[in-house]
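Colleague: I am new to reading models like this one. Please pick one strand, give me a close look at it, and then show me what surrounds it.

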Amino acid sequence: MKIAVLGRQPEFGLAELWALGCKNVQPLTPEAAEFSGAGLDINRLGSVKKLGDVLFTTSRAKLPFELKKYVQKTLLPTLTQDARKTTDKIADGVSERRKVTIGISAYGGNISAKDAFNLGVVVKKTLRARDISVRLIPNTTPELSTAQSFHNGLGSRPYKLELLIVAQNDRFTVAQMTGVQNPNAYAARDQKRPKRDAFVGMLPPKLAQTMINLAVGNASGTIRLLDPFCGTGVILQEASLMGCDVYGTDISPKMIDYSRINLEWLKDHLGADTDVTLEVGDAQTHQWQGQIDCIASEIYLGHPLSAPPSFAKLQVLLRQGEELLENFLKNLAPQLESGTHLCLAIPAWRQESGGFSRLNLDFLSRLEYNVGGKSRDLLYAREQQIVARDLIVLEKR
């Protein structure tokens, strides 16, 4: 079994696991889930922060004893060659024994930062008793952030490890982290690409990854992904990094130019070298060419808003959003093979009284699409954000 530490909106991470064919997906806490199945690449998961292999389960009372036993019987043999007998050269040319770096992250079960650190002390003392030098990363919160885990190299070597402790009532699951998101890579792809446009909205790369995973699923082979509202090309860029051939269209020639420049930058700086097709086209009337295996796209979300719209304005926004979505899907349907999957981000608007107003999708029953069973559970919004992204997953009948 494996552990997934979920992102800020856990329902997105669960949806990714299901879409990618993971089995026995079971939320253990709001922050973590257990699952089985083939190994996943943390670098393609947008809404899963960390992955780990389950080591054992136990009760709260037995947890320190089981941790000590795990270190003695399993961890020590792995570390012997790396930590006791291997030396590293430091700056002045003197050799010193390599240290083991350990981090502890705890989820659920009212485990405090002090509790998590104390469990790390159990591991440290057990290793020190065998003459292994240990650096324990201090906990200011129960879990180490992805930045802490990544910048300390945790999960990358036998002597740089992080233990994930997930508490569900009195059942404690302990896993060893195998992968963590790289915050530097996301920042570079988001902030350093040459063309950005705040007016059309800036889709976060992590959310783009999630949308692609919901559209592609566990399909194998070369995938050609279409984004009919490609904007500056965030979805195209993330799909290209996943190895997909990409096809982008947009009604704005400027956005097509921006996408082309950004994808050329991606190839030059990150080595993404998949087939790219870009062309100007109105998604309500355009005829796309060639194979289309799946669609991931953020449709036009409307003008940015600084406050919730009035009732009258909201009715206009809802009508415009529904008309655009219906016209696009009606135009697209005859151009798709049966079974083609789509993941679309459509607009939803924050209400003054709380909650969000969402598009009415009843018209889908008249078109040739099935709606994914959990697709209306995925509303992406940050605090105080007026226009949210409502993710829907569709399948062409």
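Modeller: Happy to! One term comes up straight away: two strands pair if DSSP finds at least two bridges between them. Helices (H or I, at least four residues) and strands (E, at least two) are DSSP runs, numbered from the N terminus. Please keep in mind that this is a predicted model, where local features need pLDDT of at least 70, side-chain atom pairs count only at pLDDT 80 or more, and totals for chains, interfaces and linings use all residues. Residues are numbered from 1 along each chain as its sequence is written, and side-chain values use heavy atoms, leaving out hydrogens and water.

The strand I would choose is E3, residues 32-36. Five of its five residues are buried, so the rest of the structure largely encloses E3. Buried here means under 20% relative accessible area, exposed means over 50%, and partly exposed is in between (1.4 Å probe, protein chains only). In a regular strand the side chains alternate between the two faces of the sheet. In E3 both faces are covered: Ala32, Glu34 and Ser36 are buried on one side, and Ala33 and Phe35 are buried on the other.

Now for the strands beside it. Strands of a sheet pair through backbone hydrogen bonds, either parallel or antiparallel. Strand E1 (residues 2-6) runs antiparallel to E3 and is joined to it by four bridges. Within that pairing, Val5 stands opposite Ala32. E2 is also antiparallel to E3, again with four bridges. Here Pro27 has Ala33 as its bridge partner. E2 and E3 make a hairpin, and two residues lie between them.

E2 deserves a short detour, because Asn24 is exposed there, at 56% relative accessible area. This residue belongs to E2, which covers residues 23-29. Most residues other than glycine have a negative phi, and most peptide bonds are trans. Asn24, which is not a glycine, has a positive phi of about 50 degrees. A little earlier in the chain, just after H1, Gly21 also takes a positive phi, of about 85 degrees. H1 itself spans residues 10-19, and its buried residues are Phe12, Gly13, Leu14, Ala15, Glu16 and Leu17.

Stepping back, where does E3 sit in the order of its sheet? The order is E2-E3-E1-E4-E10-E9-E7-E8, an open sheet of eight strands with mixed pairing. E2 and E8 stand at the edges with a single partner strand each, so one side of each has no neighbour in the sheet. Direction ignored, neighbouring strands of this sheet are turned by 30 degrees against each other on average. One more pair belongs to the picture of E3: Lys23 is opposite its Ser36. The sheet also has a helix packed on it: H3, which touches strand E7 (100-107), E8 and strand E9 (160-168). The direction of H3 makes about 180 degrees with that of E8; such angles run from 0 to 180 degrees between N-to-C directions, with axes as lines fitted to C-alpha atoms, for helices over the stretch in contact. Touching is meant as contact, that is, heavy atoms within 4.5 Å.

Let us follow H3 a little further. This helix covers residues 113-128, and Lys114 is part of it. Lys114 is exposed, with a relative accessible area of 62%. Lys114 and Thr140 are 26 residues apart in sequence, while their C-alpha atoms are 8.0 Å apart in space. Between H3 and strand E8 (134-136) there is a loop that holds Asp131. Asp131 is another residue other than glycine with a positive phi, near 65 degrees. At 45% relative accessibility, Asp131 counts as partly exposed.

To sum up the close look: E3 has E2 and E1 beside it in the sheet order, its five residues are buried, and both of its faces are covered.
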